[in-house]
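Here are a few exercises to work through with the model open next to you. Try each task before reading its solution.

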Amino acid sequence: MCYDRLTEDGVAETPLRVLVASELRCSLRNGGLAGALVLGAALFEGAAALLVVASVAGAVALGAVVHLCLFVAGALVQRGRARLGGRGEGLFGSA
């Protein structure tokens, strides 16, 4: 999961491309869950088939993109903290 990946040692030194590639599977799973929720709601409401298909596709894409955006933002925060010398301090530091 992305939180576990962000708290690993070396995340600040790992290239962003590698981090995103490692998180792609989880982001697609989250997008799939968003699509399943939209599918259930659209079928419950009795929406037209074309609207259901478009809504589910949009939910899958948006869910995956939001997950990756939040993951990249977290990685950038970790990089910033590492550059400022804030390792081990604050909310995510070890006790």
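**Exercise 1.** Find the element that holds V72, then work out how V72 is covered and what V72 touches.

Solution. Step one: V72 sits in helix α3, where helices are DSSP runs of H or I with at least four residues, strands are runs of E with at least two, and numbering starts from the N terminus. Step two: the relative accessible area of V72 is 21%, so V72 is partly exposed (buried is under 20%, exposed over 50%, partly exposed in between, with a 1.4 Å probe and protein chains only). Step three: leaving out residues up to four places away in sequence, V72 touches L16 and V20; contact here means heavy atoms within 4.5 Å. Step four: R17 is 55 residues from V72 along the chain, yet their C-alpha atoms are separated by 9.8 Å.

A word on the ground rules: this is a predicted model, where local features need pLDDT of at least 70 and side-chain atom pairs count only at pLDDT 80 or more, while totals for chains, interfaces and linings use all residues. Residues are numbered from 1 along each chain as its sequence is written, and side-chain values use heavy atoms, with hydrogens and water left out.

**Exercise 2.** Compare A64 with R25: which helix holds each, and is each buried or exposed?

Solution. Start with A64, which is found in helix α3. With a relative accessible area of 10%, A64 is buried. Neighbours within four places aside, A64 is in contact with S27, L28 and G31. The C-alpha atom of A64 is 8.2 Å from that of C26, and the two residues are 38 apart along the chain. Now for R25, which is placed in helix α2. At 73% relative accessible area, R25 is exposed. From C-alpha to C-alpha, R25 and A64 are 9.2 Å apart, with their positions 39 residues apart in sequence.

**Exercise 3.** Describe how helices α2 and α3 pack.

Solution. Two packed helices are described by the angle between their axes and the distance between the axes. Take the distance and angle: α2 (residues 16-45) and α3 (residues 49-83) have axes that come within 7 Å and cross at roughly 145°. Axes are lines fitted to C-alpha atoms over the stretch in contact, and angles run from 0 to 180 degrees between N-to-C directions. Next, the hand: α2 passes α3 in a right-handed crossing, meaning the near helix is turned clockwise from the far one by less than a right angle. Last, the residues of this contact divide into 20 nonpolar, 8 polar and 2 charged (Ala, Val, Leu, Ile, Met, Phe, Trp, Tyr, Cys and Pro count as nonpolar, Asp, Glu, Lys and Arg as charged, and the others, Gly among them, as polar).

**Exercise 4.** Where is T14, and what does T14 touch?

Solution. First, T14 is placed in the loop between α1 (2-6) and α2. The relative accessible area of T14 is 18%, so T14 is buried. Skipping residues up to four places away in sequence, T14 touches R5, L19 and R79.

**Exercise 5.** Zoom out: how many helices and strands does the protein chain have, and how much of the chain is buried?

Solution. Count the elements: there are 3 helices and 0 strands. As for cover, 26% of the 95 residues of the protein chain count as buried.
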